[in-house]
Amino acid sequence: MKQVRSTLSRLLRLLALTAWLGAGMAHASDYAEITQLLKSGKAAEALGKADQRLTAAPRDPQLRFLRGVAQTDLGQTDAAITTFTQLIQEYPELPEPYNNLAVIYASQNQLDKARTALEMAVRNNPSYAAAHENLGDIYARLAYQAYAKAQQMEANNPTVKLKQAQLRELFQPAAARAAAKPAASRP
């Protein structure tokens, strides 16, 4: 009888492990499917799939993150902010929700909020390159605003004008820069 229990116990553990691994693979295919929909510009479909999958796994942070990305892509800014904020509250160690929340704040010109969120992302994962790059962009935009204020106070300061021009060029799209510059003459 003891051997039957031992064998049954091992069999049950094996079944549980198989079910757990199978669920992990199912989740992985869910993530891949939703990610592919987002990449192909089908944010509404991705949001539907994420919401559908979240009924079975409401606390899944990756599904919730993908939901926030889809909401952002659809212009559902308030919903995306709520999604990323809830993720941050429940999983404060994850840097990605901070980064995505910062991108939304930056698009709304809430640069201090964006900076704070990005600093948290970098603190949580010092090797998260996207957050470092975005933080650099926020610092540059804040610098531009500071130089603009300085120029209002002292309009003839050539150093401020130069720094502003350099930052403006940094953020101006390449096509706009090319159109603004005269074409080089050719022999």
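Asn99 touches Leu118, Ala121, Tyr128, Ala130, Ala131 and Asn134, leaving aside residues up to four places away in sequence. Keep in mind as you look around that this is a predicted model. Asn99 sits in helix H5, which runs over residues 95-107. Is Asn99 buried or exposed? Its relative accessible area is 6%, so Asn99 counts as buried, the cut-off being under 20%.

Helix H5 covers residues 95-107, and there is an annotation to go with this part of the chain. An unreviewed UniProt entry records "repeat: TPR" for residues 95-128. In the model, that span is 79% helix and 0% strand. The C-alpha atoms at the two ends of residues 95-128 lie 8 Å apart.

Now to the aromatic rings. How many aromatic pairs are there? The count comes to 1 aromatic pair. Phe65 and Phe84 form the pair, with 5.7 Å from centre to centre and 55 degrees between the planes. The geometry is classed as tilted, because edge-to-face would need planes over 60 degrees apart and stacked would need them under 30 degrees apart. The two partners are 19 residues apart, and the pair links distant parts of the chain.

Here are the two phenylalanines side by side:

| Residue | Helix | Relative accessible area | Class |
|---|---|---|---|
| Phe65 | H3 (residues 61-73) | 18% | buried |
| Phe84 | H4 (residues 77-90) | 0% | buried |

Phe65 counts as buried because its 18% relative accessibility falls under the 20% cut-off. Phe84, at 0%, is buried too.

Key. Residues are numbered from 1 along each chain as its sequence is written. This is a predicted model: local features need pLDDT of at least 70, side-chain atom pairs count only at pLDDT 80 or more; totals for chains, interfaces and linings use all residues. Side-chain values use heavy atoms; hydrogens and water are left out. UniProt positions are given in the numbering used here, feature names are shortened, and annotations may be inferred rather than shown by experiment. Helices (H or I, at least four residues) and strands (E, at least two) are DSSP runs, numbered from the N terminus. Rings of Phe, Tyr and Trp (its six-membered ring) pair if their centres lie within 6.5 Å; planes under 30 degrees apart count as stacked, over 60 as edge-to-face and the rest as tilted. Buried means under 20% relative accessible area, exposed over 50%, partly exposed in between (1.4 Å probe, protein chains only). Contact means heavy atoms within 4.5 Å.
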